[in-house]
Amino acid sequence: MNFIDNPRKLRGFEKHVRVEKVSRRSILKGLGITGGFVLAAPVMSRQALAYETGAGKMPHGVVVDPRVFVSVAPDGIVTIVGHRSEMGTGVRTSLPLIVAEEMEADWSRVKVQQAHGDEVKFGNQDTDGSRSTRHYLMPMRQIGASARTMLEQAAAKRWGVPATEVKAVNHEVVHSASGRKLGFGELAADAAKESVPSIEGLKLKDPKDFRYLTKGQVGMVDLHDITTGKARYGADVRLPGMKYAVIARPPVTGGTLVSFDPDAALKVPGVEKVMKVQGWPWPSKFQPLGGVAVIARNTGAAIKGRDALKLVWDDGPNGKYDSVAYRKELEEASRKPGLVLRKEGDADAALKGADKVIVGEYYVPHLAHVAMEPPVAVADVKGDKAEIWAPVQSPGGTREDVAKTLGIPEGNVTVNVTLLGGGFGRKSKCDFALEAALLSKELGAPVKVQWTREDDIHNGFLHTVSVERIEAGLDKSGKVIAWRHRSVAPSIASTFAAGTVHQAPFEIGMGLVDMPFEIANISCENPEAAAHTRIGWFRSVSNIPRAFAVQSMVGEIAQATGRDQKDMLLELIGSPRIVKPNVKDLWNYGEPQDSYPIDTARLRKVVELVAEKGGWGRQVPKGHGLGIAVHRSFVSYIATIVEVAVDDKGKLTVPRVDTAIDCGTYVNPERIASQIEGAAIMGLSLVKYGEISFKEGKVQQKNFDDFQVVRIDESPVVTNVYIVPPGPDTPPSGVGEPGVPPFAPALINAIFAATGKRIRSLPIGKQLEA
Amino acid sequence: MIKVKINGQEQSWDGDPDLPLLWFLRDEAGLTGTKYGCGQALCGACTVIVDKEAVRACVTSVNDVAGREVTTIEGLHPNGDHPVQKAWRQLNVPQCGFCQAGQIVQAAALLMDNPKPSHDQIREAMSGNICRCGCYQRIENAVHLASTGV
Ligand code: FES
Ligand code: FES
């Protein structure tokens, strides 16, 4: 077995573990900071943190140091570092906003500075797993409170009054007894000399005094630039003397170049050079596939040159990969017992003795991310130094991998993070930056590697392909007494280690073994499946097929027993309780069970809230139907109701979507709504069209004509979002990904309500037309 | 030598006349606001206005626009205060923002042609512009806002 409990372990996690053991002092020395402090979260006391998260267990943990994140200029401008990657969630605004809130800075006098990739300095920077607010709400508050305290101390000293008598208010410190005031800018130099207060002694603001947090009134810092074309994405970086490159890569994963003829390409106006690109054997994590690069004076010439290349490939071991045949393999595997991951009671016996058994086999094909900005990177390698500009979700990992690939020290690599034109997990893999680095080194000039949309679809790291088979056993009264769920899908771990046939804990923990229903006999199994292409994280990952299967099955049980879907759902969830599945080392999105248990009271609550607000049970016109689904993922709870309309030709439209989310303590309700609105569109895209298929080892789709995504004229007419108000101590949880999983099953259940047709295979394609 | 006016400025090109306008704008003229998303007129990320019409710069050659006037996102309004841009900011339309230059230019072209489009007309006119982040509800409302002031 090849189980990996934290995906980032796959990029040399051992090293990070060692970093955590380094004493504080030597880290400080290494950074050249005196008087600052750098902590990994586990060292923080529970009291200081209020709740514990898995942040400290991430590579390089958390850095809580105002000197790293905040600077105040004499003119009063406060610069706050955003150390996560902005791909549309608003994180480049929301994390600095938390700091500004706590330090009483006036947001109109705050500048945000994007951190380059340096996890020793900034702490973990992997912008994935819906973790940014979850892991950084409290550290950012502490950083802001530290900065505020230092400013207050400096003012108190200047006036010779006790620090308890002064207070920072809206960008200045005031001494109300004497009516004196000093602006942050006037205090900057003195405050910098103050020692950084201990975390334990910090006084955090009372949430009722928040000016920005939870209000949703602050737009993204990049909003003006985005609307005027000034925002800089990876593709927009231009350096003097920069060359433009596109690369012809092996069409089959694991294929290699046999020969190539550059002559015709070299005749294309603007083409300057044709060269081989080093490739790594499959699987090699994020290392480039290799191929042939065309170097030109602009991207258009490079693309035209590539079209003119004559290439001969050896397709290698995956040359026979065929999606039709592979689906049969998965289905057959799902019908036989697999590795048992969770066992409670005796599901096999209970299924045998059941009055009725309902069986569903649910299929979800490979999916491509197709972020609007295809992969792109600029590299400038000079001697043993490299500088990268790229839209990457993991600048720290990129830095490590560039250093390793070029054989230079990590300290010689600078990774500048641009805005990301969408990420969805694709840009957690830095292969495109590595390609640029290799080419720049060889050319001795800065180079931009631009992936075309076809490259993105042909050579990506796809969402897995899966069969989820669920058997539910009912007794005479219609109560569910047995649940056997077999999940068969190639694992993301196969991209890191050859021979992987089982899913990793972080995959099985996404809706398989953490299934929350109150059922006496449960078996969750994982039969083997081998990968034949590169599999990677795709927004919400294994939760997509799992929620689709589990929540469709709820609909099927309701259908078989003549029950209301929502009532059936609540009955299966059962009593309000903490679910403790009988699973060894249950993976919980990297979070401790204490702060983030599987809480069915919260699960029920989002179902009840969406049912109430979304008008569950309302009369809908003929041909319309309502469907509901709920799913816990990224330690958040989300329920969705979809209203669908299906006309007599089988064409579907979505008049209305209602979603309730409980993501604990939150920062910006406006961005939460926008993430959920977007998740509905992504969910609708994958239900209607989402399919990447292989024939003879090659992806059969190429662009937005045959890998379609939803457009505005077919998007839901309205999506309503309801946010559950958090309890006083509810820790923050994920937002970016959890909106996706419940959408598909809610829509599929709605389609059943509208038409009586049960869809078990995605995408729908022509299934409703018959 | 091809001459073309871009955002009011005369530009010239003596390279491959078939070069897609998109790459001329981005790589040769340094106007990177116009984006590449598909190269096949499928996504609208590269939308610019030629004379008074929205076109996809990825399938339009430099030669096609010889002697004509091209407006990109950078030239829509000197301060970025075109009613469409303002409405976009008011409703916090963008997520990642990568599609938004194309969306805004398309919407501006729509309003030149039809100052008061219905919701159905907005949906139809904007259907060539993909937003993978899924900002459609806000895009529709922002076009409506820009056209009506409410
Ligand atoms: S890049 Fe031109 S339409 Fe997509
Ligand atoms: S905002 Fe990201 S693609 Fe539209």
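Visitor: How many helices and strands are there in chain A?

Guide: In this predicted model, chain A holds 22 helices and 28 strands.

Visitor: What does the radius of gyration say about chain A?

Guide: One compares the value with that of a compact globule of equal length. For 770 residues such a globule would have a radius of gyration near 27 Å, and chain A agrees because its own value is 27 Å. The C-alpha trace of chain A spans about 80 × 70 × 50 Å along its principal axes.

Visitor: What share of the residues in chain A is buried?

Guide: A residue counts as buried when its relative accessible area is under 20%. By that cut-off, 66% of the 770 residues in chain A are buried. The accessible surface of chain A amounts to about 26,700 Å², and carbon and sulfur atoms account for 52% of that surface.

Visitor: Among contacts in chain A between residues at least 6 apart in sequence, what percentage joins residues at least 24 apart?

Guide: The share is 78%.

Visitor: Where do the centres of the positive and negative side chains of chain A lie?

Guide: The two centres are 2 Å apart, with 97 positive and 89 negative side chains in chain A.

Visitor: How should the interface between chain B and chain A be read?

Guide: The size of an interface is often expressed as the accessible area lost when the parts come together. Here, about 4,700 Å² is buried between chain B and chain A, and carbon and sulfur atoms give 55% of that area. On the chain B side, B:Arg123, B:Arg132 and B:Tyr136 lose the most area to chain A, together 18% of what that side buries. The contact involves 66 residues from chain A and 48 residues from chain B.

Key
Residues are numbered from 1 along each chain as its sequence is written. Chains are lettered from A and ligands numbered from 1 in the order in which they are written. Side-chain values use heavy atoms; hydrogens and water are left out. Helices (H or I, at least four residues) and strands (E, at least two) are DSSP runs, numbered from the N terminus. The radius of gyration is taken over C-alpha atoms; the globule rule is 2.2 Å times the number of residues to the power 0.38. Buried means under 20% relative accessible area, exposed over 50%, partly exposed in between (1.4 Å probe, protein chains only). Contact means heavy atoms within 4.5 Å. Accessible areas come from the Shrake-Rupley method with a 1.4 Å probe; for residues, only the protein chains shown count as cover. Lys and Arg count as positive and Asp and Glu as negative; His and the chain ends are not counted. The place of a charge is taken as NZ of Lys, CZ of Arg, CG of Asp or CD of Glu. Buried area is the accessible area (1.4 Å probe) that two parts lose on being put together, summed over both.
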